[in-house]
Each structure stands twice: as structure tokens, then as C-alpha cells.
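Could you walk me through this model in a viewer, one selection at a time? I would like to know what to click next and what is there.

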Amino acid sequence: MTSTIRCDIVSAEEEIFHGDVQMVVATGEMGELGIAPRHAPLITRLKPGKVVLTLANGDKLDIVVSGGILEVQPQVVTVLADTAIRAEDIDEGKAQAAKEEAERAIAGKDPSISLEAAQNQLAMSLAQLQALERLRKNLKH
């Protein structure tokens, strides 16, 4: 029997995921985090990027977050994000356009976006495109 922990991922708009998982992997401010059952309690800020859930049945689910807070308690892992989206719900065209816009802003060709906002937008769009690629790869197998 595989041990699991409950995971809740919510955005400002909706609940994205609620269920039992074997593992949660996310990128915190200090680096990559792997949260398994019986993990020590903690709270940390998340960088924009992906959260990978290993579900109770072993399947993986990618969710892209714009940043946020990850909290680990004895019975639950909670991710609170301003924006969160499942890989299968990502619009590839919009993600590609956002990536290109952010790259132009970082190169100094679009002064309407601050450097920090452009870097966050680039991180989010790259995470979305990577999540789509992983989803496609998993569907082929």
C-alpha cells in the first residue's frame, strides 16, 4: 500500500486540484522541493513554474503556477497561487505569444513592461510550454 498525503491547489479564481498524492514537486525560492507523506511542516514562497503531482495511482499531473505559497502540514500540502492552470488547459498560442513578448521586453524592445514583470511572464510561459510538451510526450506512450 502506497502512502499518500492530501494536496489542495487553489488559485484566486478556483480550486485547481484536491486529492491524494504520493509526491508534490515544486520550485521554491531556494530551489526544487519534493514533498512526500510525513514531510516536516514548512511554508515557502514558490517561483513561477510547474508543480508536478504524482497521484495515488502513479500518474503525474502538471500544474503551472504564477508563483505563490506552499504550506506543508502533517496531513495536507496546500498551494495558494494567484494563477494556476492544468497542463491540458493551456493555450499554446497564448503561451508562445507571452514568451515572445517577455523576451522582447527583456531585450529592451518593449518598455511598457517592467523587467521584473517580463521575467515572471517569461518563467510562466516557459513553464506552460514545458508542461504541454510533457503532456504530449506522456500521451504518446
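Here is a tour of this predicted model, stop by stop.

**Stop 1: the largest nonpolar core**

Start by selecting Ile9, Phe17, Val21, Val24, Leu53, Ile63 and Leu70. The largest nonpolar core has 22 residues, and these seven touch the most other members. Now colour the strands that feed this core: β1 (5-10), β2 (15-28), β5 (49-55), β6 (60-65), β7 (68-72) and β8 (76-80) each supply at least two of its residues. Which strand gives the largest share? That is β2, with five residues. As general background, nonpolar side chains in soluble globular proteins tend to be buried together.

Stay here and centre the view on leucine 70. Setting aside neighbours within four places in sequence, show what leucine 70 contacts: Val24, Ala26, Leu33, Ile35, Leu42, Ile43, Thr44, Leu46, Val77, Thr78 and Val79.

**Stop 2: isoleucine 35**

From that list, pick isoleucine 35, which sits in strand β3. Is isoleucine 35 buried or exposed? With a relative accessibility of 1%, isoleucine 35 counts as buried, because the cut-off for that label is under 20%. Beyond four places in sequence, isoleucine 35 touches Gln22, Met23, Val24, Leu42, Leu70, Val72 and Val77. Draw a distance between the C-alpha atoms of isoleucine 35 and valine 72: these residues are 37 apart in sequence and 8.0 Å apart in space.

**Stop 3: aspartate 8**

Next, move to strand β1 and select aspartate 8. Aspartate 8 is buried as well, with a relative accessible area of 12%. Show side chains, and you will find a polar contact of 3.2 Å between aspartate 8 and arginine 6. Further along the sequence, aspartate 8 touches Phe17, His18, Val76, Val77, Thr78 and Val79, leaving out residues up to four places away.

**Stop 4: serine 11**

Now step into the loop between β1 and β2, where serine 11 is found. Although in a loop, serine 11 counts as buried at 11% relative accessibility. What does the side chain of serine 11 have 3.1 Å from one of its polar atoms? Look for the backbone nitrogen of glutamate 13. Not counting residues up to four places away, the contacts of serine 11 are Ile16, Ala81, Asp82, Thr83 and Ala84.

**Stop 5: the largest pocket**

Switch on a surface for this stop. The largest pocket has a volume of about 170 Å³. To outline the pocket, select Glu29, Arg45, Leu46, Lys47, Pro48, Ser66, Gly67, Gly68, Leu80, Ala81 and Asp82. Colour that lining by residue class and you get four nonpolar, three polar and four charged residues. Ala81 and Asp82 belong to this lining, and both are also touched by serine 11 from the previous stop.

**Stop 6: two exposed loop residues**

Select methionine 30, in the loop between β2 and β3. Methionine 30 counts as exposed at 84% relative accessibility. Its C-alpha atom is 25 Å from that of leucine 55, a residue 25 positions away along the chain.

Then go to arginine 38, in the loop between β3 (31-35) and β4 (42-46). Arginine 38 also counts as exposed, at 72% relative accessibility. Check the backbone here: phi of arginine 38 is near 70°, a positive value in a residue other than glycine. For background, most residues other than glycine have a negative phi.

**Stop 7: the second core and helix α2**

Finish with a second, separate core of nine residues, which includes Ile90, Leu129, Ala131 and Leu132. Click on alanine 131, found in helix α2. At 0% relative accessibility, alanine 131 counts as buried. Leaving out neighbours within four places, alanine 131 is in contact with Asp62, Val64, Ala87 and Ile90. Between the C-alpha atoms of alanine 131 and valine 21, the distance is 19 Å, with 110 residues separating them in sequence.

Your last selection is arginine 134, also in helix α2 (residues 115-140). Arginine 134 is partly exposed, with a relative accessible area of 23%. Outside its sequence neighbours up to four places away, arginine 134 touches Lys50, Val52, Lys60 and Asp62. For a longer view, pick lysine 109: lysine 109 and arginine 134 are 25 residues apart in sequence and 31 Å apart, C-alpha to C-alpha.

Technical notes
Residues are numbered from 1 along each chain as its sequence is written. This is a predicted model: local features need pLDDT of at least 70, side-chain atom pairs count only at pLDDT 80 or more; totals for chains, interfaces and linings use all residues. Side-chain values use heavy atoms; hydrogens and water are left out. A nonpolar core is a set of buried Ala, Val, Leu, Ile, Met, Phe, Trp, Tyr and Cys residues joined through side-chain atoms within 4.5 Å. Buried means under 20% relative accessible area, exposed over 50%, partly exposed in between (1.4 Å probe, protein chains only). Helices (H or I, at least four residues) and strands (E, at least two) are DSSP runs, numbered from the N terminus. Contact means heavy atoms within 4.5 Å. On a 1 Å grid over the protein atoms alone, a cavity is a set of points where a 1.4 Å probe fits but cannot get out, and a pocket is an open set with protein on both sides within 12 Å along at least five of seven lines; lining residues have an atom within 4 Å of a point. Grid points are joined across faces, edges and corners, and a volume is the space filled by probe spheres set on the points. Ala, Val, Leu, Ile, Met, Phe, Trp, Tyr, Cys and Pro count as nonpolar, Asp, Glu, Lys and Arg as charged, and the others, Gly among them, as polar. A polar contact is a pair of N or O atoms within 3.5 Å; within protein, one must be able to donate a hydrogen and the other to accept it, and residues adjacent in sequence count only if both atoms are side-chain atoms.
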